[in-house]
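These are my notebook entries on one structure. I set down in turn what I looked up and what I read off.

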Amino acid sequence: MMRKLKTTILALFTAWGVYAADITPITEAMKSGNTGALSGSMYTEADVSVPGVSQRASAAEAAGILGRFFQGNPPTGFTVVHQADKNGGGFVVGKLQTASREYRVNITYVIKDGRALMQTIRIE
C-alpha cells in the first residue's frame, strides 16, 4: 500500500513538473572548468556571453569560448543561488568563484531525454 502511494505521488509530481531537473553535470563542470563536460551538457547551439565575447555558437564553439575564459579565470567553485524549472526547461542563477573574483552566472536550459542541456550561458 505504502509503495503504491509513493509511486502515485512521484507520478503526480512528475506530471506537474514540480521536480527540479538534475543540473549536477553542469554545476560540477562549472566548479572545475571542465569544458568537455560542459560541451556534453550543451544544446546543439547556445548563446554564450563571457567578458569580451558574446555570440551564438555550436556546442563545440561554446565550449572553446568557455575554455578560453577558464584559462584566464580558473574556477575555484560554483554555487547555485537559484534554480527553477518550467515547461520542459528552466534556468539557473549561480556564482562562479575564481582566484581573482566572483562572477554571476545565468544559464537557461531545455530538458531533452531527461538531461538538462544549456541553451544560454552568461558569465558577468
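**Entry 1: Thr98**

I began with Thr98, which is buried, because its relative accessible area is 9% and the limit for buried is under 20%. The model I am reading is a predicted one. I placed Thr98 in strand β4, which covers residues 89–98. I then asked which backbone atom the side chain of Thr98 reaches. The partner is the backbone oxygen of Arg101, at 2.7 Å. Setting aside residues up to four places away in sequence, I listed what Thr98 touches: Asn73, Pro74, Pro75, Thr76 and Tyr103.

**Entry 2: Tyr103 and the aromatic rings**

Tyr103 appears among the contacts of Thr98, and I followed it next. The search for aromatic pairs returned two. In one of them, Phe69 and Tyr103 meet edge-to-face, with 5.1 Å from centre to centre and 80 degrees between the planes. This pair links distant parts of the chain, since Phe69 belongs to helix α4 and Tyr103 to strand β5 (residues 102–112), 34 residues apart. I checked burial for both partners: Phe69 is buried, and Tyr103 is buried too. Phe70 joins Phe69 and Tyr103 in one aromatic cluster.

I also looked for a charge over the ring of Tyr103. The charged end of Arg101 sits over that ring, 4.1 Å from its centre. Arg101 thus enters my notes twice, as its backbone oxygen is also the atom reached by the side chain of Thr98.

**Entry 3: Helix α4**

Phe69 led me to helix α4, residues 59–72. I asked how far apart its end C-alpha atoms are, and what span should be expected of its 14 residues. The expected span is 20 Å at 1.5 Å a residue, and the end C-alpha atoms are 20 Å apart, so the two agree. The expectation takes 1.5 Å times one less than the number of residues.

I then listed the buried residues of α4: Ala59, Ala62, Ala63, Ile65, Leu66, Gly67, Phe69 and Phe70.

**Entry 4: Met42**

I turned to Met42, which lies in strand β1. Met42 counts as buried because its relative accessible area is 6%, against a limit of under 20%. Leaving out neighbours within four places in sequence, I found Met42 in contact with Ala59, Ala62, Leu66, Leu117 and Met118. Ala59, Ala62 and Leu66 are among the buried residues of α4. I also recorded the separation of Met42 from Ala60: 18 residues in sequence, and 8.6 Å in space from C-alpha to C-alpha.

**Entry 5: Salt bridges**

How many salt bridges does a search of the whole structure find? The search gives three.

I took Glu28 and Lys31 to begin with; their closest N and O atoms are 3.2 Å apart. Both belong to helix α2 (residues 24–32), and because they are three residues apart there, about one helical turn separates them. Glu28 is partly exposed at a relative accessible area of 42%, and Lys31 is partly exposed at 35%.

I next examined Glu45 and Arg56, a salt bridge with 3.3 Å between the closest N and O atoms. Glu45 is in strand β1 (residues 42–50) and Arg56 in strand β2 (residues 53–58), so this pair ties together parts eleven residues apart in sequence. The relative accessibility of Glu45 is 40%, which makes it partly exposed; Arg56, with a relative accessible area of 48%, is partly exposed as well.

Arg56 also forms a salt bridge with Asp47, the closest N and O atoms lying 3.2 Å apart. Asp47 counts as partly exposed at 33% relative accessibility. Through shared partners, the salt bridges join Glu45, Asp47 and Arg56 into one network.

**Entry 6: The chain as a whole**

I closed with the overall layout. I counted four helices and six strands in the chain. Read from the N terminus, the elements follow the order α-α-α-β-β-α-β-β-β-β. I asked what share of the 124 residues in the chain is buried; the value is 36%. Finally, I took the contacts between residues at least 6 apart in sequence, of which 41% join residues at least 24 apart.

Methods:
Residues numbered from 1 in each chain as written. Predicted model: local features only at pLDDT ≥ 70, side-chain atom pairs only at ≥ 80, totals over all residues. Heavy atoms only, no water. Helix = DSSP H or I, 4+ residues; strand = E, 2+ residues; numbered from the N terminus. Buried < 20%, exposed > 50% of the residue type's maximum accessible area, 1.4 Å probe, protein only. Polar contact = N/O pair within 3.5 Å; in protein donor to acceptor, adjacent residues only side chain to side chain. Contact = heavy atoms within 4.5 Å. Phe/Tyr/Trp six-rings, centres within 6.5 Å; stacked < 30°, edge-to-face > 60°. Lys NZ or Arg CZ within 6 Å of the ring centre and 35° of its normal. Salt bridge = Lys/Arg side-chain N within 4 Å of Asp/Glu carboxyl O.
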